[in-house]
Amino acid sequence: MTAVDSARDVAEINVLLTQYGSTLDREDDEGWVGLFTPDCRYEVYGRAFEGHDGLRKITGGAPKGLHLSAQPLVQVDGDSATAQRSFLFVDRSDQSMRTGWYDDELVRTDEGWRLKVVRCTFLGPDGPQDRP
């Protein structure tokens with residue numbers, strides 16, 4: 001893989017991770033689900049949600065709001081990659097805020113880069129935790 005290929009991969013992953021927040025903010029649940037592999041796993045609130053049906057359970061019960069994330073730190077290794085990104089979530093109902101980070105595992109598919117594993121960690125008053 002050349003430096004140009006690697007830079008292209010990082011750029012494509014950055015677009016995917018931007019779409020992550022944008023689709024949620026615009027309540028495009030199916031668009032958000034489409035950013036993941038069919039066999040994905042999403043870890044949040046001390047639970048693991050498996051596959052696209054598991055993701056739909058998250059969107060059905062999750063609060064709506066604004067998802068802001070920092071520039072991710074992306075590492076590409078062939079057809080797999082990892083990303084670390086910090087986030088700020090502003091709840092639409094009461095403007096309360098949550099902070100934390102995501103640890104992502106991504107894979108290259110025929111449709112482009114997709115999220116395979118997302119681990120959500122919240123940052124609370126006593127440090128990292130699995131719930132806000």
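Begin with the whole chain selected and contacts displayed: among the contacts with a separation of 6 or more, 47% join residues that stand 24 or more positions apart. Keep in mind throughout the tour that this is a predicted model.

Next, switch to a cartoon view and follow the chain from the N terminus, where the elements run α-α-β-β-α-β-β-β-β-β-β, which comes to 3 helices and 8 strands.

Now show the C-alpha atoms alone and turn the model along its principal axes, where these atoms fill a box of roughly 45 × 30 × 25 Å. The radius of gyration of the chain is 15 Å, and because a compact globule of 132 residues would have a value near 14 Å, the two agree.

Then turn on the surface, which has an accessible area of about 7400 Å², with 51% of it belonging to carbon and sulfur atoms. Of the 132 residues, 36% count as buried. If you select the charged side chains, you will find 15 positive and 23 negative ones, and the centres of these two sets lie 3 Å apart.

Finally, select Cys 40 and Cys 120. How many disulfides does a search of the whole structure find? The search finds 0. A disulfide is a covalent bond between the sulfur atoms of two cysteines. The cysteine sulfur closest to that of Cys 40 belongs to Cys 120, and because it lies 14 Å away, it is too far for a bond. Cys 120 is likewise in no disulfide. Cys 40 counts as buried because its relative accessibility is 0%, and Cys 120, with a relative accessible area of 9%, is buried as well.

Methods:
Residues numbered from 1 in each chain as written. Predicted model: local features only at pLDDT ≥ 70, side-chain atom pairs only at ≥ 80, totals over all residues. Heavy atoms only, no water. Helix = DSSP H or I, 4+ residues; strand = E, 2+ residues; numbered from the N terminus. Rg over C-alpha atoms; globule rule 2.2 N^0.38 Å. Buried < 20%, exposed > 50% of the residue type's maximum accessible area, 1.4 Å probe, protein only. Contact = heavy atoms within 4.5 Å. Areas by Shrake-Rupley, 256 points an atom, 1.4 Å probe, with all protein chains shown as cover. Lys, Arg positive; Asp, Glu negative; His and termini not counted. Charge placed at Lys NZ, Arg CZ, Asp CG, Glu CD. Disulfide = S-S within 2.5 Å.
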